[in-house]
Amino acid sequence: MMRHRIAALTAATVLLAGGALATATSASATVDPPSGGWDHTWTTTDSAHGGTVYVAEHGDVVSVCDTASDGTAPRVQVWVQSSSGQYNSRYIIEATGGLGSCKTVSASDGGIYDLPENVNIAVSIWLGPSVGHLGSEHTFVNDH
């Protein structure tokens, strides 16, 4: 009985040390929302193989999490619309640690992660490495 409890505690500790906010019995990966909450949440198109992207406009927080143990890392590409109307790629992030792993960037990281205000932002999420594999695309106006 005691050995079973220690094994359960060890499994939970490994998950927490890996940055996942999931219990040992959960198959989903999430990240704590910023104080204002998530403005947008999108997933890959196949729930059996998965990734989820979370976006908080305030602070330009973008996080991608691996939500399936399928051996494929979810990737997110962020695009910014220019004054000419063309979308230009800003960056790509991926959750590379397997089920429960997440990668988060924000304006506080500076440079390419500080997204301009009051412009259209496009977000693509897919399972890599091939662009478009079970992917989806979304847009929003970065207005707060």
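Four strands line up as β1-β2-β3-β6 in an open sheet, with antiparallel pairing. β1 (40-43) and β6 sit at its edges with a single partner strand each, so one side of each has no neighbour in the sheet. From one strand to the next, the twist averages 10°. Keep in mind that this is a predicted model. The notes below start with the whole chain, then go through this sheet, the other sheet, the core, the salt bridge and a glycine in a loop.

**The chain as a whole**

- The chain has 1 helix and 8 strands, and reading from the N terminus the elements go α-β-β-β-β-β-β-β-β.
- Buried residues make up 35% of the 144 in the chain.
- The accessible surface adds up to about 7,800 Å², and carbon and sulfur atoms own 54% of that.
- Take the contacts with a separation of 6 or more: 50% of them come from residues 24 or more positions apart.

**β3 and its partners**

- How many residues of β3 are buried? The count is 6 of 6, so this strand is largely enclosed by the rest of the structure.
- Side chains in a regular strand alternate between the two faces of the sheet.
- In β3, V61, S63 and C65 are on one side and V62, V64 and D66 on the other, and both faces are covered.
- On one flank, β3 pairs with β2 in the antiparallel sense, over 6 bridges.
- Within that pairing, Y54 is opposite S63 of β3, and T52 is opposite C65.
- The β2 and β3 hairpin has 4 residues between its strands, and G59 there adopts a positive phi near 90°.
- β3 also runs antiparallel to β6 (residues 102-105), joined to that strand by 4 bridges.
- Want a residue pair to look for here? V64 has K103 of β6 as its bridge partner.

**The other sheet**

- A further open sheet of 4 strands is ordered β5-β4-β7-β8, again with antiparallel pairing.
- Its edge strands are β5 and β8 (136-141), and each of these pairs on one side only.
- Ignoring direction, neighbouring strands in this sheet are turned by 20° against each other on average.
- β7 and β8 are held in an antiparallel pair over 6 bridges, and one residue match in it is S124 with E137 of β8.

**The nonpolar core**

- The largest nonpolar core is made of 17 residues, and V53, V62 and V76 have the most contacts inside it.
- Two or more residues come from each of β2 (51-56), β3 (61-66), β4 (74-81), β5 (87-94) and β7 (120-127).
- Which residues does V62 touch, leaving out those up to four places away in sequence? The list is V53, Y54, V55, V76, V78, Y91, I93, K103, T104 and V105.
- V53 and V76 from the top of the core's contact ranking are both on that list of V62 partners.

**The salt bridge**

- Side chains of opposite charge can pair when their charged atoms come close.
- This structure holds 1 salt bridge, formed by the side chains of R75 and E94 at 2.9 Å, N to O.
- It links distant parts of the chain, with R75 in strand β4 and E94 in strand β5, 19 residues apart.
- Is each partner buried or partly exposed? R75 has a relative accessible area of 16%, so it falls under the 20% cut-off and is buried.
- E94 comes out at 28% relative accessibility, so it counts as partly exposed.

**G50, a glycine in a loop**

- Where is G50? Look in the loop between β1 and β2.
- This loop residue is buried, at 3% relative accessibility.
- Setting aside neighbours within four places in sequence, G50 contacts T44, C65, D66, T67, A68, D70, P74 and L127.
- For one of those contacts, D66, the C-alpha atoms of the two residues are separated by 6.2 Å, although G50 and D66 are 16 residues apart along the chain.
- C65 and D66, both contacted by G50, are also among the buried residues of β3.

Methods:
Residues numbered from 1 in each chain as written. Predicted model: local features only at pLDDT ≥ 70, side-chain atom pairs only at ≥ 80, totals over all residues. Heavy atoms only, no water. Core = buried A, V, L, I, M, F, W, Y, C linked by side-chain atoms within 4.5 Å. Buried < 20%, exposed > 50% of the residue type's maximum accessible area, 1.4 Å probe, protein only. Contact = heavy atoms within 4.5 Å. Areas by Shrake-Rupley, 256 points an atom, 1.4 Å probe, with all protein chains shown as cover. Pairing = 2+ DSSP bridges. Salt bridge = Lys/Arg side-chain N within 4 Å of Asp/Glu carboxyl O. Axes fitted to C-alpha atoms, helices over the stretch in contact; angles between N-to-C directions.
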